[in-house]
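Thanks for making time this morning. I would like to walk through a few packing and pairing details in one structure, and I will take the helices before the strands.

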Amino acid sequence: AGATRRAHNWDVEGYTRAARFVPELGRPVLELLPKPPASVLDLGCGDGALSVELMERGYAVVGLDADAEMVAAAVERGVDARVGSGEEFDVGKFDAVFTNAALHWMKETRQVVRSARAALGPGGVFAGECGGEGNVDGVRRAIRSVLPNEVDLSPWTFPAPDAFRGMLLDEGFDVLELNHFERPVETPDAADWVKMFGQVYLKSQPNPDDTLAKIRAALPDYLEPGTTPGSSMVDYVRLRWRAVVREDAAS
């Protein structure tokens, strides 16, 4: 999930059912946070899966997401979640800002970093994981073989590690950890992945079902096969970081 998205409407029940791997794979990022009972803003909290885990660990959590239905699902789980932009937000001060699989849905990466900085005092932690440069490149090339304007349609911004490090430094953070790594994820049907996460491509066409069928036919040429018949390895590349506000940075 994300906190600022471009033309993406989430199927909350479908996401919860089919994309459970998203919070599961993001769980290691929780170890980058300060110890409980620190206050944490879960930026792009989605349906609140990781917010609840943070709460169970003793953190004081506020969730923020741009999708009202996702926020409603998080509230049902008991999360103090609010609807709002992840690029420009002011929901108070926190000991940490945490984000998982959300930053790449936000167009203005630097503005997100700036807003995270504003939500933290000196020594505050900004930690997270998102799609990094090269993420789902095979999927995107398959889509591009059907839709040559894929780059213009893409709902994602996958930061390059050096550029993202520079943004963090520019905005008053010290970068303690920043890793850019491959993490392929097996999916039973890569076309269903496109339908879930890349619906903007389908919506751009007069016949979405026909477009999806063409993408489905193209995907095997660009993705490695999975371990079971019909499955594929979606070529995830992640960017994971931990940064702290410099003690001398202006508040």
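The axes of helix α6, which covers residues 137-146, and of α11 come within 9 Å and cross at roughly 125°, and since oblique is the class for angles that are neither under 35 nor over 145 degrees and lie outside 65 to 115, α6 is therefore oblique to α11. Please keep in mind throughout that this is a predicted model. As for handedness, α6 passes α11 in a right-handed crossing. The residues that meet there are A142, I143, S145 and V146 on the α6 side, and T211, K214, I215 and A218 on the α11 side. Sorted by class, this contact of α6 with α11 has five nonpolar, two polar and one charged residues.

Helix α11, residues 208-218, also has a contact with helix α9, residues 190-197, and here the two axes come within 9 Å and cross at roughly 135°. An angle over 145 degrees would have counted as roughly antiparallel, and at roughly 135° α9 and α11 are therefore oblique to each other. The crossing of α9 and α11 is right-handed. From α9, the residues A191, D192, V194 and K195 take part, and they meet L212, I215 and R216 in α11. By class, the contact of α9 with α11 has four nonpolar, no polar and three charged residues. If you would like one residue of α11 to follow on the screen, I would suggest I215, which is listed in the contact with α6 and is listed in the contact with α9 as well.

Let me turn to the strands. Which strands lie at the edges of the open sheet that has the order β7-β9-β8? The edge strands are β7, residues 185-187, and β8, residues 224-225, each of which pairs on one side only, and the pairing in this sheet of three strands is antiparallel. Between β7 and strand β9, residues 232-234, there are three bridges, and these two strands run antiparallel; one of the pairs to look at is T187 with its bridge partner in β9, S232.

A parallel pairing is found between strand β1, residues 39-43, and β2, which are joined by five bridges. Within that pairing, D42 has G63 in β2 as its bridge partner. Strand β2, residues 60-65, is mostly covered, in that five of its six residues are buried.

Finally, I would like to spend a moment on two residues of strand β4. A96 has its place in this strand, which spans residues 94-100, and with a relative accessible area of 0% it is buried, because the cut-off for that class is under 20%. Leaving aside residues up to four places away in sequence, A96 touches L33, P34, S39, V40, L41, L120 and V125. For L120 there is also a distance to quote: its C-alpha atom is separated from that of A96 by 6.7 Å, although the two residues are 24 residues apart along the chain.

T99 is likewise placed in strand β4. Is T99 buried or exposed? At 1% relative accessibility, T99 counts as buried. Again leaving aside residues up to four places away in sequence, T99 touches L43, F126, A127, G128, E129 and W241.

Key. Residues are numbered from 1 along each chain as its sequence is written. This is a predicted model: local features need pLDDT of at least 70, side-chain atom pairs count only at pLDDT 80 or more; totals for chains, interfaces and linings use all residues. Side-chain values use heavy atoms; hydrogens and water are left out. Axes are lines fitted to C-alpha atoms, for helices over the stretch in contact, and angles run from 0 to 180 degrees between N-to-C directions. Helices (H or I, at least four residues) and strands (E, at least two) are DSSP runs, numbered from the N terminus. A crossing is left-handed if the near helix is turned anticlockwise from the far one by less than a right angle, and right-handed if clockwise. Contact means heavy atoms within 4.5 Å. Ala, Val, Leu, Ile, Met, Phe, Trp, Tyr, Cys and Pro count as nonpolar, Asp, Glu, Lys and Arg as charged, and the others, Gly among them, as polar. Two strands pair if DSSP finds at least two bridges between them. Buried means under 20% relative accessible area, exposed over 50%, partly exposed in between (1.4 Å probe, protein chains only).
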